[in-house]
Amino acid sequence: MRTLPSQHTARRTVILGVAASDSHAVANHLIAYSLRGLGFDVVNLGTCTPVEEFAEACEQHPDAEAVVIGSLNGHVHEDLRGLDQAKRSGRITCPVVVGGNLSVGSHKDSSAHDRLYAAGVDHILSDPAELPALLDELRDSRSRSLLSGLAS
């Protein structure tokens with residue numbers, strides 16, 4: 001009988017939360033449950049999470065692969081004030097992913113994504129099912145960067 005070598009892989013950490021003015025919890029819990037089922041260690045900050053709490057979580061979990069922020073009430077632009085500063089100061093060093101309803105009202109502003117990128121968001125997802133593939137892509141990109149840095 002052939003046995004496969006045991007593989008010890010480090011747990012992958014993701015920081016998850018809902019934007020500061022948003023109390024919608026269901027999608028947050030479903031995403032946390034899904035990621036945990038895939039083997040991720042999810043630091044779930046819950047609803048109504050200000051940028052400062054995401055920054056503190058990043059400082060406590062420097063190995064985090066991403067900060068994932070959901071918004072259903074559409075006020076994420078206001079809720080993420082200070083994100084760019086938290087990233088510039090090195091308090092949030094991993095990519096920031098945002099998803100959900102990103103603007104208020106039925107008319108969607110075509111500049112919403114540009115404003116979020118300018119505020120410090122790295123990736124915007126329209127479907128939470130895209131998150132695991134994006135996290136894998138981010139991990140692979142980080143690994144390539146580390147390897148190229150070692151080769152230099």
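Tutor: In this predicted model, helices are DSSP runs of H or I with at least four residues, numbered from the N terminus.

Student: Which residue with a positive phi follows H1?

Tutor: H1 covers residues 26-37. The residue in question follows the helix and has a phi near 100 degrees. That residue is Gly39.

Student: On which side of H1 do Val26, His29, Leu30, Tyr33 and Gly37 lie, and are they buried or exposed?

Tutor: Buried means under 20% relative accessible area, and exposed means over 50%. The buried residues of H1 are Asn28, Ala32 and Leu35. Because these cover an arc of only 70 degrees around the axis, they fall on the same side of H1. Val26, His29, Leu30, Tyr33 and Gly37 lie on the other side and are exposed.

Student: Why is S3 largely enclosed by the rest of the structure?

Tutor: S3 is joined to S1 in parallel by 5 bridges, with Gly17 opposite Ile69 in S3. S3 also pairs with S4 in the parallel sense over 5 bridges, and Val68 stands opposite Val97 in S4. The strand is largely enclosed because, of its 6 residues, the number buried is 5.

Student: How much space lies in the largest pocket?

Tutor: The lining comprises 22 residues, with Ile31, Gly70, Gly99, Gly100 and Pro128 nearest the centre. Strands S1, S3 and S4 and helix H1 each give two or more residues to this lining. By class, 12 lining residues are nonpolar, 8 polar and 2 charged. The space in this pocket is about 290 Å³.

Technical notes: Residues numbered from 1 in each chain as written. Predicted model: local features only at pLDDT ≥ 70, side-chain atom pairs only at ≥ 80, totals over all residues. Heavy atoms only, no water. 1 Å grid on protein atoms, 1.4 Å probe; cavity = no way out; pocket = protein on both sides within 12 Å on 5 of 7 lines; lining within 4 Å. Points joined across faces, edges and corners; volume = space filled by probe spheres on them. Nonpolar A, V, L, I, M, F, W, Y, C, P; charged D, E, K, R; others polar. Buried < 20%, exposed > 50% of the residue type's maximum accessible area, 1.4 Å probe, protein only. Arc of directions from axis to C-beta. Pairing = 2+ DSSP bridges.
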